[in-house]
Amino acid sequence: MSNGEIASAELDNIIDPPALVQGKADLATITETVSRVAEHKPPKAWYIGFAMALGVLGMLGMAVLYLIATGVGVWGNNQPVAWGWPIVNFVFWVGIGHAGTLISAVLYLFRQGWRTGINRFSEAMTIFAVICAGLFPAIHVGRIWVIYWVFPIPNQMAMWPQFRSPLLWDVFAVSTYFTVSLLFWYMGLVPDLATLRDRSKTKIRRLMYGIFALGWTGANRQWHRYERAYLLLAALATPLVLSVHSVVSFDFAVSQLPGWHTTIFPPYFVAGAIFSGFAMVVTLAVPARALFGLRDLITLRHLELMNKVIMATGMLVGYAYAMEFFMAWYSGNKYEGFAFVNRAFGPYAWAYWIMVTCNVITPQIYWFKKARRSIPIMFVVSIFVNIGMWFERFVITVTSLNRDFLPSSWNYFSPTVIDWATLIGSFGLFFTLFLLFCRFLPQVAIAEVKTQTPHAHSHSAH
Amino acid sequence: MSLYQFPRWTDVIRPLLGVTALGAPVYLVLLFYYGASPNTLAVGYEPTQPVPFSHAVHAGELGMDCRYCHNTVDKAAHAAIPPIATCLNCHGDGEIGKGRIHLESEKLAPLREAAEGGEPLAWVRVHDLADYAYFNHSAHVNKGVSCVECHGRVDQMEVVRQVEPLSMGWCLDCHRDPAPRLRPLDQITNLGWAPEDGRSREEVGRELMEKYNVHPKQDCSTCHR
Amino acid sequence: MSNNTKQFAVLAEYETVDEILSAAVKVRDAGYAKWDCYTPMPVHGLDDAMGVEQTRLPWFTLCAGITGGSLGVLMQWWMNAVDYPFITSGKPDWSLPANIPIVFELTILFSALTTFFAMWIMNNLPRWYSPLSRVKRFARATDDRFFLAIETADPLFDASATESLLRETGAHAIESVEDPDESPTPPIWLKHSLLIAGTGLLIPLMIIAYARFNTQEAPRVHLVPDMDFQEKYKAQNPSPLFEDGRAARAQLAGTFAFEDDHLILEDPGYYTGKDEGGDYLAEVPIEVTREFLERGRQRYAINCAVCHGYDGVGDGTVNQRAQSLQTAGWIPPSNLHQAYIAAQPKGQLFESITMGIRNMPGYKSAITTEDRWAIVAYLEALQGTQEAGARQLWGAAPSVEEVSPSDEDPLVAKGRELHTTKTCIACHSLDGTTLVSGSFLGLAGSERKLTDGTAVVADEAYLHESIMDPNAKIVEGYVPGLMVIPPISDDEREALVAFILSLKQ
C-alpha cells in the first residue's frame, strides 16, 4: 500500500469512524449476509407487505383501466386547473427517482466509499420510481395507444414531434434517464448475480441467475473493462441526473404563467429531487435493514450521512421558497405578486404550510447528532419529507393555476376517487416491484462492498 | 453433487443472440411499417354493391361524365351518391322512370324495388375518411384536382375499389407539392388526361397553380376543424 | 457427456489479495499470454501486476457521444425545419437553443448504450459455458477466493513447467481444468423450436403480403378506431330518427331556399319559364355572357350529351347503347336541330329540361335553375352551328310558317300548329320520313296491319282512338307504351285529326 493510501485511510479514521462494514467483515460473511436474503424464505412481514402492495397495485390497475375505457374526464382536472393530479404525481415520482443515480454516479465520482452499502438499493428504488413516474404522462393522454406520437417514429400521418416543446424534452430526458439508470443498475448486478448463481443449490435458480449473470467469472481482464465502463457510465449519468429534473422544471418554467415562469426552477427542482430521493431511501432502508439483517452493511453511519444530505438539500429548498417570494415582490409584477400571496394565503394555504412545515422546519432537527442517528426520528422525518415534497409539487401546479387571469374562471381543484386510487395505486406498483427486488436480488452490491473491506487491499508493499 | 452447468452448445448459439438482437428490431420495424400501413389495411377494399353497377360501362364505355350522377361534387363538400331517380332516367319502365334499358334484367331488380317505394338502395361506401377529417370535394375539383387523383381509374373499374391509402401522410404529399396532381378544369373528369404538348405534368401544374391560385394549407385546422 | 476430455487450463487457488498479486507478477514475468486472474471483486493493482493494457472502451463512448449529438441536431433540424416545419408563435423554423436539451439527452443515451454493449462485447460476454465452471472449487471465485488460470492454448504452456511455476507462486491448490473433447452440438429440440419460431415469424409477413396484393371484401382495418366513427350525421347517412330512415331532410313543400328568395319573389318566370300570363318566356331571363354560355356548354356536356350527343343530333352514347341492345320501347332522343325545337321559345325549352318531356325525364333536381337556363342559352349557340346541317336533314321544314298554305281550313291550320306545339312532330314527320314512328303523310285512309294479325283502315275513328288510347291497337313493328297520351283537349284532338286527314294521299 502506498503512503498516500495509508494517509487517506488515516484521515478517514480521524473524520469519521471507518465502520462502513461492521461485525465480522470478511469476504465470505459479506457474501453470506447479502445472499442469504435472496436464498431463504423472507420474513412474515415481507408476505404481509407484498400482499398489501399487490392489492393496492390491483386498485391502480382498475383505476387505469377505467380511465382508459372512459377518458380523462374521470379525473378532477378541469379548467382552470387543467394540469392537476397527474403532473403532481409525475414530478413527485421523478424526484424520488433521483437519489439512486445520484448515489451511484455522483458519489462514485467523488470517491465516497459509503455509497457502496446503499447504492444497489437506491438504484432499484430509482428505477421503480421512474416507472411510476412514467405511468402518469403515459396515461394522462387518455388514448394511451397513440402515445407513440411523442417519439420520432415515421408514421402514416407524415408528422413529427415538436422538438421545441419542453414536454418533449421531458419525454427524452425521462426515457434516457430510465434507460441509463437501468443499464447502470443491471451492470452493477451482474457480478452479484454470478455470486448467487455459484451459490445456488437448485437447477432453476442456477439457470435463472446464470442467464442474467451472462457467464461472469470475475476474470480480471473483464473486471478491467467493467470498471472502466462503470466509470464512464457514472460520468455520463452525473450530468444526466442533474438535467432530468431541470428539464422537468422546464415544463413549468418555460411557460409564461406567474408562479411557474422562474429561472430558479431548475436548481430548485434538482435540490428538491435529491431531498425527496434521499428521504425515500431512508424510509425504505430503515425497515429493510432491520427486516433482512443488513444492519452490518447499511450501518448507522450510512443513514447519518444521508440525513446530512437531507438537511442540506432541505435548506436549499427552503431558500428557493423564500427566493420565489422575494422575486415576486422585487420584480414589481403584480400578477407574480398575486400568485404568491394566493399561494401562501389563498384557498390552498393549508397545502402551502404543510409543505413548508414538512420540508423546511422538520429537517432542522438534524442539527442534533442524536436525531441524525436515531432510527425512529429519521424514519418519521423522512416520511414527513416525502409528504412535504408531494405537496410542493401540488402547490406549484395547482395554486398557480386555480386563480388565473380571469376571476370568473377561478375554481377550486378537487381530486376524484379515481385520482386518489391512481396516486395510492402508484405506491402499490412501487412497493410491489421493490419487495420483489428485496426478495430475489442482492440488495447490497456484494462485490462493491468487498472493495471497501481491508481484504480487498494489498497489505504488503510490492 | 452434480450442479447444473450451462451446456457447451450455448457457445455455439451465441451468434444467434447477435442475429436476434439485430434482427428483432428490423423484423418489428418491417412488421409495423408494412403491417400498419394503410396500403395494407385500406387499399384494395372492394365491397360487393347491392346492384352490380359498372363504372367501366357507364363512365368508361358510355363516356358519361362523373358529374351526371355525382352532381354535387363541384358545389358541395360531399360528392352525392345519385338518387334512384337518376338511375331510372335510363333504367325505368315507362311508369316510374322513362328509359327502358335492361328493363327485364334481374340485376336491376333491387333498383326497381327501391323505386317502387321500398327501402333505399344501401350502397356500400368505399372511400371513407375518418370522421375527424374534413374533406371538401368542391374545393378540390374546382382547383384542378381530378377525381382520379384520389379514386383512381374508376372509369376502368367493373367494381369500385380503394386504390389510394387516403392517409394523412398521403394527403400531405399533395398539399406540399400539388403541381403534378393538377389539370385544367375542363379536363377534370377526364380520368385518362395527360398533357398533349409533351410537357410534364409538373410544368403544366406550375402554371395551373398560378392560374387557379392554388396554395394548399398544411396546418392542423385545415382538415381537423 | 462423454468422458473423453482434454486439458483446458491449469487452475491455481489463492486466499488473499497479496497472494494473487504476487502470483500474477510471476506469471506475467514468465511471459504467458493466455491466462487470467479470477477475483470476487475488482482488485486494485492487479491490472499492473498482470500487465493488462488500458482498454479502448472510452474511445467508443466518445464516438458514440459525438454521433448521438450530431444525430440529435440533424434529426430535429430535418424533422422540424425541413420535413414538417412547425410554425409556433412566429418563431423561426430552426433555432438551436430550443433543441439543445434533446441533443444533450441523445448524446448521453448513445454514449451510455454504446459503453454498456461495447463493454460486454469486448469482454466476450455473454458466454454462459466456461470450462472453469466444471471445477467445483472455482465457485468460490465469486465469493472469497482468488484464482489464476493458465490456458493450454498458451504457446508457453507446458504441463509440468506451468504447474511448477504455479506451485512456486504459493498456490493453495492446483487443479487441471478439463474440457470435453467433442463438438458442441445444440440439441435437436432447439433446432426444432427455432424452425417453428422462424416459420411462425413468416406468417404475419405472409398475411401482410396477401393483403397488399389482393382486394378484400372486408372494410379497412382500423388499428386505432377512436373517433374514426363519430356520433354525428354526415350527408346521405341513414338515421333511425325519421320514418324514411334518412338523416338528410327534404325541402318542405311550399318553401324555397333562402338564397333564391329574391328571384322567386321578383321573377317567378325564372323558375317556371312562363310569365304571369302563362306564356313562355321568349328569352333567357339572365344576362347571357360568354362565361354563361361556357357554363351551359359544360352542363350540356355533362347532362345532355349522353343522349342528345355533343353535337345535338340525338345520337349520344346512351342512345347508341340502347339501340344496340334493341331495347323494346326505346324512344330515341330528339335531334335538337329540328326546326320546331329551334323555333320554341326559351321558356318552353327550359320547361322541357325542368319537367321532362315525353320520354325525357325532368332534370329539375339534378341541374340547378341557373344551369338549366345556361343550357337553354347554349342550345341556341349549338343550333346556330348546325343550322346548315339541320336544313339538309330536315330539309322541308326549316320553319313551321313556310310550309303552311295560306288558304287552309282554320281547323286544319290549328291542327298543323298543334302538331308542332304539342310536339307530335318529334316522332311523326310530315314528309314521309320515318322518325320514331310513322309519318302522318298519307296515314289517313291507309291500311294498318296490327300485331294481332288483323288489319284496320286508318279512318277518323281510328285516329281519335289512337290519340286517346295509344295502346288500344298496336301496328306491327311497334311495342305498346311507346307513345304517351298527349295532354290535349277534345277540341284540339278534333283539329289534329282534321289535320292528319288533310294529309291523306
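## A nonpolar patch on chain B

In this predicted model, five side chains of chain B come together as a nonpolar patch on the surface: Val26(B), Val29(B), Leu30(B), Tyr33(B) and Tyr34(B). The patch covers about 490 Å².

Take Tyr33(B) as one member of that group. Tyr33(B) sits in helix α2 of chain B, which spans residues 14-35. Is Tyr33(B) buried or exposed? Its relative accessibility is 53%, and because the cut-off for exposed is over 50%, Tyr33(B) counts as exposed. As for the spacing of the patch, a general point about helices helps: an α-helix has 3.6 residues a turn, so residues three or four places apart point the same way.

## Where chain B meets chain A

Now for the interface. On the chain B side, 10 residues are in contact with 11 residues of chain A. Putting the two chains together buries about 910 Å², and carbon and sulfur atoms account for 73% of that.

What about polar links between the chains? There are zero salt bridges between chain B and chain A, but three residue pairs are in polar contact, with both partners at pLDDT 80 or more. Helix α10 of chain B (residues 168-176) gives the most to the side that touches chain A, supplying five residues.

## A closer look at α10(B)

Which residues of α10(B) are buried? They are Gly169(B), Trp170(B), Leu172(B), Cys174(B) and His175(B).

The cover over these buried residues includes two other helices of chain B, namely α8 (137-141) and α9 (148-151).

Terms used
Residues numbered from 1 in each chain as written. Chains lettered and ligands numbered in written order. Predicted model: local features only at pLDDT ≥ 70, side-chain atom pairs only at ≥ 80, totals over all residues. Heavy atoms only, no water. Patch = residues over 30% accessible without salt bridge, like charges linked within 9 Å, V, L, I, M, F, W, Y side chains within 5 Å. Areas by Shrake-Rupley, 256 points an atom, 1.4 Å probe, with all protein chains shown as cover. Salt bridge = Lys/Arg side-chain N within 4 Å of Asp/Glu carboxyl O. Helix = DSSP H or I, 4+ residues; strand = E, 2+ residues; numbered from the N terminus. Buried < 20%, exposed > 50% of the residue type's maximum accessible area, 1.4 Å probe, protein only. Contact = heavy atoms within 4.5 Å. Buried area = accessible area lost by both parts, 1.4 Å probe. Polar contact = N/O pair within 3.5 Å; in protein donor to acceptor, adjacent residues only side chain to side chain.
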